[in-house]
Amino acid sequence: MNRFLVLLFTCYSCFSYAQLTQQEKINQQVRNAEQAKHAELMRIMDQGVELMADGKHEEANTRFKEVLKSAKVVPTDLCFYFGKNSFYLGKYTQSIDWLNKYIQLRGTTGQFYDESIEYLDRSKEAFLVVREGERKEAQNILTTSYDIDCGPSGKVICPVCKGKGVIITKGAFGDTYKACPYSDDHGYLTCEEYNKLLRGQLEPKF
């Protein structure tokens, strides 16, 4: 009887191990497919960057939009590339939106921070000149439609309280302080909270 139980347990263990091994193979195949897709999207984005550098902004725009259409989460650097290229296409609202998102996510330490500030200022100046025409434009692609990759930290400075954790309101009798209803005590949002805030879906905590 004991031998039978031992044999039964051994068979069950082998079967369970075989199932686990098969599931691991499936999981690895899924990971490999995702990595291959990510690598392909990065290749397409790099093509867009090269086209933009060559002054082929419409073609670059097509490549960037292809990445936006297929990526689950938008690479942070694409915020800069798409914003810069949008300036050359005369889509100033779109340029301002995407460049602002890059600066919010990368801050002053971002690789393209100085260039982002430059093109952000240029887009704002140009927008003021062609404001009426820009209002009629219906093809702006705004970041509120996408989930943005917040980087390895998974946290972003809250754009509502600017990372202070409190909202300061100036009044006739001095400043008033109110805890930020969105960020944590240190003025940060998680990546999920940040993307919800962009879409207007983040509920205040109080």
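Is Tyr88 buried, exposed or partly exposed? In this predicted model, Tyr88 is partly exposed, with a relative accessible area of 36%. That value falls in the partly exposed class because buried requires under 20% relative accessible area and exposed over 50%. Phe87, by contrast, has a relative accessible area of 11% and is buried. The two rings pair with each other: their centres lie 5.3 Å apart and their planes stand at 75°, so the arrangement is edge-to-face.

The structure contains 12 aromatic pairs. Another of edge-to-face geometry is formed by Phe82 and Trp98, with 5.1 Å from centre to centre and 80° between the planes. This pair joins distant parts of the chain, since Phe82 belongs to helix H3 (residues 76–88) and Trp98 to helix H4 (residues 92–106), with their positions 16 residues apart. Phe82 has a relative accessibility of 0% and therefore counts as buried. Trp98 is likewise buried, with a relative accessible area of 0%. Ring pairs also connect Phe64, Phe80, Tyr81, Tyr102 and Phe112 into a cluster.

Helix H3 also packs against helix H5 (residues 113–129), the two axes coming within 10 Å and crossing at roughly 35°. The crossing of H3 and H5 is left-handed. On the H3 side the contact involves Phe80, Lys84, Phe87 and Tyr88. On the H5 side, Glu115, Ser116, Tyr119, Arg122 and Ser123 take part. By residue class, the contact between H3 and H5 comprises four nonpolar, two polar and three charged residues. Phe80 thus appears both in the ring cluster and in the contact with H5. The edge-to-face partners Phe87 and Tyr88 also both contribute to that contact.

A charged residue, Lys101, is located in helix H4. Lys101 has a relative accessible area of 9% and is classed as buried, because this value is under the 20% cut-off. Beyond residues up to four places away in sequence, Lys101 touches Cys79, Thr143, Tyr194 and Leu198. Cys79 lies 22 residues from Lys101 along the chain, and the C-alpha atoms of Lys101 and Cys79 are 6.7 Å apart. Helix H4 thus carries both Trp98, the ring partner of Phe82, and the buried Lys101.

How values were computed:
Residues are numbered from 1 along each chain as its sequence is written. This is a predicted model: local features need pLDDT of at least 70, side-chain atom pairs count only at pLDDT 80 or more; totals for chains, interfaces and linings use all residues. Side-chain values use heavy atoms; hydrogens and water are left out. Rings of Phe, Tyr and Trp (its six-membered ring) pair if their centres lie within 6.5 Å; planes under 30 degrees apart count as stacked, over 60 as edge-to-face and the rest as tilted. Helices (H or I, at least four residues) and strands (E, at least two) are DSSP runs, numbered from the N terminus. Buried means under 20% relative accessible area, exposed over 50%, partly exposed in between (1.4 Å probe, protein chains only). Axes are lines fitted to C-alpha atoms, for helices over the stretch in contact, and angles run from 0 to 180 degrees between N-to-C directions. A crossing is left-handed if the near helix is turned anticlockwise from the far one by less than a right angle, and right-handed if clockwise. Contact means heavy atoms within 4.5 Å.
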